[in-house]
Amino acid sequence: MKISGFGGYPSIDSNLEVLEKIAKLQEFLASKKPFIARGNGRSYGDSSLSKNILLCKPYDEIHSFCQDCGILHAQCGVMLDDILDFSMPKGFFLHVTPGTQYITLGGAIASNVHGKNHHHNNYSQIEELDSKANTKINKNILCKSCGQALNCVELIKGGNFIESVLNFSLMLPNGDIMQCSRDLNSDLFYATFGGMGLTGIILEARIRLRKVSSSKICQTTIKTNNLSNTMEYLESHKQAPYAVAWIDSLAKDKNLGRGIVSYGDFALDSDFNYNDKRQNQITSNIHTIEDKKPKSNQKSNEQYMPQYNIKQKAHYKAKLKIPFYLPNSTLNPFSVGIFNKLYYSRAKNGQKLVYFKHFFYPLDSILSWNKIYGRNGFLQYQIIIPKDSTQSLHDILNLIAESKQGSFLNVLKLYGKEDSSFLCFPLEGYSLALDFKNTPSIFGLLDRLDEIVTKCGGRIYLTKDSRMSKHIFDISYKRANEFRELRKDYGLDSKIESLQSKRLGI
Ligand SMILES: Cc1cc2nc3c(=O)[nH]c(=O)nc-3n(C[C@H](O)[C@H](O)[C@H](O)COP(=O)(O)OP(=O)(O)OC[C@H]3O[C@@H](n4cnc5c(N)ncnc54)[C@H](O)[C@@H]3O)c2cc1C
């Protein structure tokens with residue numbers, strides 16, 4: 001069967017095996033065919049592609065949930081939207097979520113996903129935890145209700161998915177099941193986050209959810225004039241737990257890097273009206289504010305509080321669907337340019353309450369939107385640039401604007417500190433994610449962008465990647481060799497492989 005990632009490029013003929021029961025899985029492993037695990041196929045490139053693919057999505061039970069400490073124990077195939085359906089009516093949200101809810105727990109761990117709150121990873125909530133738990137010697141904290149150990153997770157609002165995971169079980173190709181945490185088999189623990197499925201099959205995990213005060217987000221939107229202005233706003237509002245900017249990738253000269261910054265936090269109205277059905281969103285505008293310049297003396301670590309706490313009548317809209325691949329000619333510099341101009345000019349500075357799914361997962365409201373790019377698919381290019389290298393961001397946007405190959409989905413985010421995973425993508429700086437239609441000329445442009453990224457100490461995100469060279473990978477991921485060694489030591493290198501692992505030599 002032909003199978004591809006979310007970008008539709010590349011694709012491969014694969015044999016599919018379904019993970020339902022552990023006993024069957026051991027049989028599959030005994031066949032000794034090299035394989036890769038796959039969740040819901042939302043990674044864009046070739047990380048979940050191999051000649052033999054193990055589909056983990058059907059392994060999808062939620063075992064338990066404690067309403068006091070927020071620990072959820074579930075199998076790897078559970079989707080984030082299922083977790084939210086279950087937890088949001090109880091007032092619990094994911095600590096870290098990417099821009100789509102249609103991914104599995106296994107996929108979230110293997111990619112060590114991150115979202116709009118990565119920059120917020122310096123804010124520890126450990127005090128909140130103390131009121132609910134017994135503190136024992138050496139920070140051994142147990143939940144009073146369920147007795148589970150909480151000690152290894154400092155409750156952190158941002159960062160990568162790893163911050164919310166207490167432990168997981170991992171099946172190695174020889175059938176051994178390893179329990180992994182920060183204290184137990186910690187090498188496998190840190191190699192699995194961001195390890196793109198190359199360390200074993202993640203079977204189950206315990207993750208910590210965070211208590212929230214509403215199912216709505218109080219969102220502020222600000223239009224910006226250029227890249228410096230966009231970055232200024234992201235910096236000056238970094239005390240907001242969630243922040244993101246859309247960039248007009250075709251704007252040039254004095255408008256280069258103009259965009260729309262959105263930031264916010266959960267409202268305080270204790271309203272958990274959960275109108276999901278996976279197709280609804282609140283859209284009413286409630287307030288307009290002045291476009292003020294950020295104050296440079298604003299304290300960066302002051303507690304962010306949403307300013308409005310308004311009960312509001314919800315207005316719901318149904319979801320759209322792209323029913324078929326659009327012709328290859330639909331997206332061209334002209335149509336993208338028009339879209340970007342319209343999107344930018346119609347945006348209004350202001351504040352509104354939005355249903356949390358509309359804020360976190362705007363793209364999920366258009367089903368199969370990836371078909372817009374046509375049958376040849378597209379490549380997403382997500383990079384991270386250290387904070388002191390903002391000139392490189394200018395250079396990258398300049399090159400893209402000049403090439404006229406930019407698209408409409410261009411996201412800039414501020415990131416916090418690196419974590420201890422072997423193949424950690426984030427570092428303190430700015431991440432830019434862009435979609436490019438798959439055309440022959442795009443590869444040359446991306447090679448030139450790679451050079452700028454690596455020259456300033458940046459990286460390319462593996463879960464979006466389908467074309468990075470081994471050379472670029474090796475100079476940007478400093479622990480690449482440690483990862484290779486670990487794969488060898490556990491006998492993983494010949495048993496678990498993807499198109500990506502072969503390309504990158506890991
Ligand atoms: C619209 C959209 C927005 C996105 N936004 C973000 C974002 O903001 N931030 C972000 O970080 N990512 C983002 N992503 C990427 C997405 O979150 C990741 O690619 C995620 O890993 C996909 O999970 P999946 O279940 O679909 O896994 P797949 O795509 O099927 O697999 C991804 C990787 O996980 C491995 N894997 C899956 N299950 C297991 C398992 N049980 N055991 C071992 N390995 C496994 C696979 O081998 C593969 O390497 C976005 C994707 C889309 C489509």
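## A small parallel sheet

How many bridges join β3 to strand β5? Before answering, keep in mind that this is a predicted model, so everything here describes a prediction. The answer is four: β3 and β5, which covers residues 52-55, run parallel and are joined by four bridges. To find one of the matched positions, look for Leu-16, whose bridge partner in β5 is Ile-53.

These two strands belong to an open sheet of three strands, ordered β3-β5-β4, with parallel pairing. At the edges you will find β3 (15-18) and β4 (36-38), each of which pairs on one side only. From one strand to the next, the twist averages 30 degrees.

## The protein as a whole

Let us step back for a moment. The protein has 506 residues, and 47% of them are buried. Its elements are 13 helices and 23 strands. Among contacts between residues at least 6 apart in sequence, 78% join residues at least 24 apart.

## An eight-stranded antiparallel sheet

Now turn to another sheet. Eight strands form an open sheet in the order β18-β14-β16-β15-β21-β22-β20-β23, and their pairing is antiparallel. The edge positions belong to β18 (350-355) and β23 (459-460); each has a single partner strand, so one side of each is left without a neighbour in the sheet. As a reminder of what holds such sheets together, strands pair through backbone hydrogen bonds, either parallel or antiparallel.

Which residues of the sheet can you use as landmarks? Try walking along part of it. Strand β15 (residues 242-247) pairs with β21 in the antiparallel sense over two bridges, and Ala-245 has Leu-412 as its bridge partner in β21. Leu-412 also stands opposite Leu-432 in β22. Strand β21 (residues 410-415) is joined to β22 by six bridges and runs antiparallel to it; here Asn-410 stands opposite Leu-434 in β22.

On the other side of the walk, β20 (residues 378-386) and β22 pair in the antiparallel sense over nine bridges. Phe-378 has Lys-437 as its bridge partner in β22. Finally, β20 and β23 pair in the antiparallel sense over two bridges, with Ile-383 matched to Ile-460 in β23.

## Enclosed strands and a helix across them

Why is β22 described as largely enclosed by the rest of the structure? Strand β22 (residues 429-437) has nine residues and eight of them are buried, so the rest of the structure largely encloses it. The reasoning for β21 is similar in form: five of its six residues are buried, so β21 is largely enclosed too.

Helix α9 (residues 390-403) lies across β20 and β22. The angle between α9 and β22 is about 10 degrees.

## Helix α10 and its two faces

Helix α10 (residues 442-455) is a good place to practise checking a helix. At 1.5 Å a residue, its 14 residues should span 20 Å, and its end C-alpha atoms are 20 Å apart, which agrees. The buried residues of α10 are Leu-449, Asp-450, Ile-452 and Val-453. Seen down the helix axis, these buried residues fall within an arc of 165 degrees, so they line one face of α10. A general rule helps here: an α-helix has 3.6 residues a turn, so residues three or four places apart point the same way.

What do the buried residues of α10 pack against? Their neighbours are β20, α9, β23 and α11 (470-476). The face turned away from the buried side carries the exposed residues Phe-443, Gly-444, Glu-451 and Lys-455. After α10 comes Gly-457, which has a positive phi, near 90 degrees.

## Around the ligand

Which residues come nearest to the ligand? Of the 31 residues around the ligand, the nearest are Gly-39, Pro-98, Gly-106, Gly-107 and Gly-197. The elements giving two or more residues to this shell are β4, α3 (105-111) and β13 (201-211). Helix α3 provides the largest share, four residues. You have already met β4, an edge strand of the parallel sheet.

How values were computed: Residues are numbered from 1 along each chain as its sequence is written. This is a predicted model: local features need pLDDT of at least 70, side-chain atom pairs count only at pLDDT 80 or more; totals for chains, interfaces and linings use all residues. Two strands pair if DSSP finds at least two bridges between them. Axes are lines fitted to C-alpha atoms, for helices over the stretch in contact, and angles run from 0 to 180 degrees between N-to-C directions. A residue is buried if 20 or more other C-beta atoms lie within 10 Å of its own, exposed if 12 or fewer, and partly exposed in between; C-beta atoms are placed from the backbone. Two residues are in contact if their C-beta atoms, placed from the backbone, lie within 7 Å. The expected span of a helix is 1.5 Å times one less than its number of residues. The arc is that of the directions from the helix axis to the C-beta atoms. A residue is near a molecule or strand if its C-beta atom, placed from the backbone, lies within 6 Å of it.
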